[in-house]
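Student: Please take me through one part of this model in close detail. Pick a single residue and its setting, then place the main sheet around the discussion.

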Amino acid sequence: MDMEPIVIVGGGMVGAALARDLGQRGLAVRVLEAQPPAPVAAGEPPRLRVSALNRRSLDYLESLGVRDRLDPRRLASFDRVETWDAAGGGRLVFDAGEIGLDAFGCFLENDHLQAALLASLEDTPGVTVEAPAPELTLTADENGPRLSIAGRGAVQPTLLVAADGARSRVREAAGIGVSRGDYRQHAVVATVRLDPPAGTVTWQRFTPEGPQALLPLAGGLASLVWYVDPPHARELTGRQPESLARTVEAAFPPALGRITEVLATGSFPITRLHANRYWAAGTVLVGDSAHVIHPLAGQGANLGLRDAEALARRLAEAAARGLPPDHPPTLLAYERERRRDNLLMQQTMSALHYGFTSGLGPLRRLRGLGLRAANAAGPLKRRVLAYAVSGR
């Protein structure tokens, strides 16, 4: 059996960031990514899956030498967030200037960030990337997952990292269970051109059916997100672009303006997941393989990048002490550092979802009062802002 360095299964945003971080810290890594993103053509409109990166994530990318590899023409900064309840009244406004910033962060396409991170690995010492990777076979074993690579046979990593998403095969082979939840909603997403063009404000309105959101994208475009039940999602995504545009205009706030062009549409189910533990013998989880939260606040990518930073730091500290990557106390320390943060964010997003989609009359009134009180609570509001921006 061949001995391998640290093997990361999954070269998405989190897996690729972890590989870059480990490589910069002098650790040997192999990345196996089954489906690298297709190259972005010049002038191509933004792709559907986008993330909101906060200042901490952008600083992390800066430390990895990746931020300068991002095309500024595909980034959209946002400096204001407006949230309100359509049924209960009340409005909560966050402004970056309240905490001395010019912007909270930026929106960018997942594919663009993943491609930039994978490209950075090409000149990272000690890092080998296979993208697309050969077919992998993972089988459960009492000593940890057994990994076999087509054309190469069985390999034995010094540590196997699951960065292969919510349906992680690595997690399953490691025998790590999860708790799951289904919000019984789909997010219908449309990339659109607006008149007037989208600016730098992100807004989210809660309705009894589910939230509606506008996310500003590069070039004055926007990503519109409408959370609805699965049958409604199928009906909406089956419409012709012009019909969908008029339906969204009728259902969304008048401030949206007019949709002049629908560039792309899609939908995906909204679920939650949290692994019962973040590591097992010779295996550790990062990103969506460990936790999936409701996308209400756009914190999923930020949490995953914090996982990558924490794990890379812990593994580098262990290596400096002459300890192997799969040293159990090292992996336990990583889990203790990240689990509470991830679980708190997941529970908060679930509470917001259920609280704002309830149709109970008394709760509607309380929601409105709560939003107005939160908007007036200066120190507390600034504390929430600081956490959203930095995770601290």
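Tutor: Contact here means heavy atoms within 4.5 Å. The model is predicted. Take E44. Its place is in the loop between β3 (29–32) and β4 (50–54). E44 touches P39 and R74, leaving aside residues up to four places away in sequence. R74 is 30 residues from E44 along the chain, and their C-alpha atoms are separated by 9.8 Å.

Now the polar partners. The side chain of E44 makes a polar contact with the side chain of R47, at 2.7 Å. A polar atom of the E44 side chain also lies 3.0 Å from the backbone nitrogen of A41. Exposure comes next. E44 has 22% relative accessibility, so it counts as partly exposed; buried would require under 20%.

Turn to the sheet. It is open, has eight strands and shows mixed pairing. The order is β7-β6-β15-β16-β17-β14-β18-β21. Its edge strands are β7 (91–95) and β21 (291–292), each pairing on one side only. Strand β6 (residues 80–85) runs antiparallel to β7, and five bridges join them. Within this pair, E82 stands opposite V93 in β7.

Two helices complete the picture. Helix α5 (residues 230–237) lies across β14 (178–195), β17 (221–228) and β18 (258–275). Helix α5 runs at about 25° to β14. Helix α6 (residues 241–251) packs on the sheet too, touching β15 (201–206), β16 (211–216), β17 and β18. The direction of α6 makes about 70° with that of β18.

How values were computed
Residues numbered from 1 in each chain as written. Predicted model: local features only at pLDDT ≥ 70, side-chain atom pairs only at ≥ 80, totals over all residues. Heavy atoms only, no water. Pairing = 2+ DSSP bridges. Helix = DSSP H or I, 4+ residues; strand = E, 2+ residues; numbered from the N terminus. Axes fitted to C-alpha atoms, helices over the stretch in contact; angles between N-to-C directions. Buried < 20%, exposed > 50% of the residue type's maximum accessible area, 1.4 Å probe, protein only. Polar contact = N/O pair within 3.5 Å; in protein donor to acceptor, adjacent residues only side chain to side chain.
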